[in-house]
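Hi,

Here is the structure I promised to pass on. Have a look first, and my notes follow below.

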Amino acid sequence: MQVIENFPLKNLNTFGVAANAAWYVDIRDEEDLGALFSQDRWKNCPRLVLGGGSNMLFTSDFSGLIVHVKIQGIRYEVKGDDVFVTAGGGVVWNDLVNFCVENSFAGIENLSLIPGSVGAAPVQNIGAYGVELQDIFHSCRAFEIASGRIRVFEKEDCGFSYRDSVFKSALKGLYIITEVSFKLSKIFKPELTYGAIGDELQKRGITKPNIKDLSTVVSHIRVSKLPDPATIGNAGSFFKNPVIPETQFLKLKSDFPEIVHFPATNGYIKISAGWLIEHCGWKGKVVGNTGTWKNQALVLVNHGNATGDEIFKFSESIIESVNAKFGILLEREVNIF
Ligand code: FAD
Ligand code: NAP
């Protein structure tokens with residue numbers, strides 16, 4: 001383990017924006033973390049934990065220590081119909097998904113092709129196509145920076161909610177997730193509620209999809225709709241879908257009958273943020289070096305040389321116009337540094 005000074009981050013964030021870190025270290029196991037944070041110097045300086053850099057925007061250089069989690073390894077244990085799969089925090093999320101799909105461990109397939117690392121997945125309770133991490137999460141191990149101790153978080157400790165958890169709120173920056181355990185199943189119950197999945201299965205003439213079919217179909221839809229960060233910088237959905245009270249929704253619906261919405265919990269309504277942004281005229285718009293993606297207005301992109309600050313300011317323009325037209329304040333999903 002070696003701490004490197006003045007480290008470039010451009011290739012370590014999927015927006016591809018240029019920024020430097022004052023210091024950078026990569027971590028291969030829990031012992032590395034113990035050794036690093038036994039030194040007061042690192043315990044007391046600003047820190048940022050980095051996985052795949054696919055959910056962050058650097059708006060300036062980072063004047064502290066970047067801790068890049070690269071802990072590897074996947075193992076599993078079968079108990080009856082349940083399969084407990086455990087992966088290191090630095091495992092690439094989609095490598096874990098592929099491992100499970102190949103072994104017919106069910107439950108994770110709708111989360112195919114989400115970029116990033118296993119360790120970051122609980123942070124925002126990643127979700128796609130009707131499945132959230134919390135549906136398959138069993139527990140995780142996390143290093144507490146202040147004490148140098150490992151704590152095991154069970155599902156009920158994590159405060160999971162829509163694109164959120166304690167790791168993104170109350171305990172933000174206090175723990176480093178070193179490994180995550182998932183409870184999957186040998187019994188496959190396909191989650192097919194999202195329309196795009198049914199449409200794609202029908203196109204392929206598949207009436208009874210297996211785990212692999214579902215993973216393939218989800219991956220295909222994602223590739224066709226989302227920009228590949230390897231060719232065009234982005235961090236996926238830049239904003240969360242707003243969840244509003246029914247009374248507010250009914251008022252909006254009378255002004256905008258076509259508004260795309262879905263029932264959420266406790267009588268609240270989830271509104272498609274992409275629809276709101278599109279209906280403010282932003283879809284596919286290019287502004288300087290940034291813009292929104294032509295197939296999905298919720299995704300902000302770097303057209304080449306955008307700075308993080310430029311992307312951030314562009315996101316402010318979107319927030320202002322959506323608020324002016326619909327009276328809804330969009331919240332950023334991407335972590336801003
Ligand atoms: P990073 O961006 O490196 O970090 C994200 C946050 O987690 C930061 O605050 C960081 O400090 C913290 N963090 C990272 N690792 C750890 C750790 N080991 N311990 C503690 N904290 C940590 N997200 C979805 O939910 N659903 C999607 O369908 C989806 N699709 C996407 C599609 C594209 C094209 C892109 C670019 C992004 C998409 N995302 C999606 C967002 C992103 O992929 C996820 O949020 C992913 O979990 C981020 O992982 P990461 O390793 O890149 O995290
Ligand atoms: P989409 O299918 O065009 O749908 C637009 C929005 O409507 C989505 O955000 C989704 O909410 C919601 N939605 C659609 N069908 C729904 C249903 N049957 N029940 C409840 N809500 C429904 O969205 P998309 O942009 O192509 O994304 C597809 C999936 O991948 C979504 O789940 C999305 O969250 C996920 N995704 C996430 C990111 C990210 O960075 N977070 C990036 C790309 C894709 P939800 O977002 O709550 O699912």
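**What surrounds the ligand**

The shell around ligand 1 is made up of 18 nonpolar residues, 14 polar ones and two charged ones. Keep in mind as you read that this is a predicted model.

There are 34 residues around ligand 1 in total, and those that come nearest are Val49, Gly52, Ser54, Ser117 and Arg222. Two of these names come back when you look at the polar atoms. A polar backbone atom of Val49 sits 2.6 Å from an oxygen atom of the ligand, while Arg222 brings a polar side-chain atom to 2.7 Å from a nitrogen atom of ligand 1. Gln124 joins in through its side chain, with a polar atom 2.9 Å from a ligand oxygen. On its own, ligand 1 has 980 Å² of accessible area, and the protein covers 93% of that.

If you want to trace the shell along the chain, try the strands: β3 (47-50), β8 (127-128), β12 (175-185) and β13 (233-237) each give at least two residues to it.

**The nonpolar cores**

Which residues touch the most other members of the largest nonpolar core? Out of its 43 residues, they are Trp93, Leu96 and Phe182. At least two residues of this core come from each of β7 (82-88), α3 (93-102), β10 (137-144), β12, α4 (195-203) and α5 (211-225). A separate core of 42 residues lies apart from it, with Trp275, Leu276, Trp282 and Ile318 among its members.

Trp93 is a nice place to zoom in: beyond its neighbours within four places in sequence, its contacts include Ile108, Leu111, Ser117, Leu133 and Phe182.

Cheers

Methods:
Residues are numbered from 1 along each chain as its sequence is written. Chains are lettered from A and ligands numbered from 1 in the order in which they are written. This is a predicted model: local features need pLDDT of at least 70, side-chain atom pairs count only at pLDDT 80 or more; totals for chains, interfaces and linings use all residues. Side-chain values use heavy atoms; hydrogens and water are left out. A residue is near a molecule or strand if one of its heavy atoms lies within 4 Å of it. A polar contact is a pair of N or O atoms within 3.5 Å; within protein, one must be able to donate a hydrogen and the other to accept it, and residues adjacent in sequence count only if both atoms are side-chain atoms. Accessible areas come from the Shrake-Rupley method with a 1.4 Å probe; for residues, only the protein chains shown count as cover. Helices (H or I, at least four residues) and strands (E, at least two) are DSSP runs, numbered from the N terminus. Ala, Val, Leu, Ile, Met, Phe, Trp, Tyr, Cys and Pro count as nonpolar, Asp, Glu, Lys and Arg as charged, and the others, Gly among them, as polar. A nonpolar core is a set of buried Ala, Val, Leu, Ile, Met, Phe, Trp, Tyr and Cys residues joined through side-chain atoms within 4.5 Å. Buried means under 20% relative accessible area, exposed over 50%, partly exposed in between (1.4 Å probe, protein chains only). Contact means heavy atoms within 4.5 Å.
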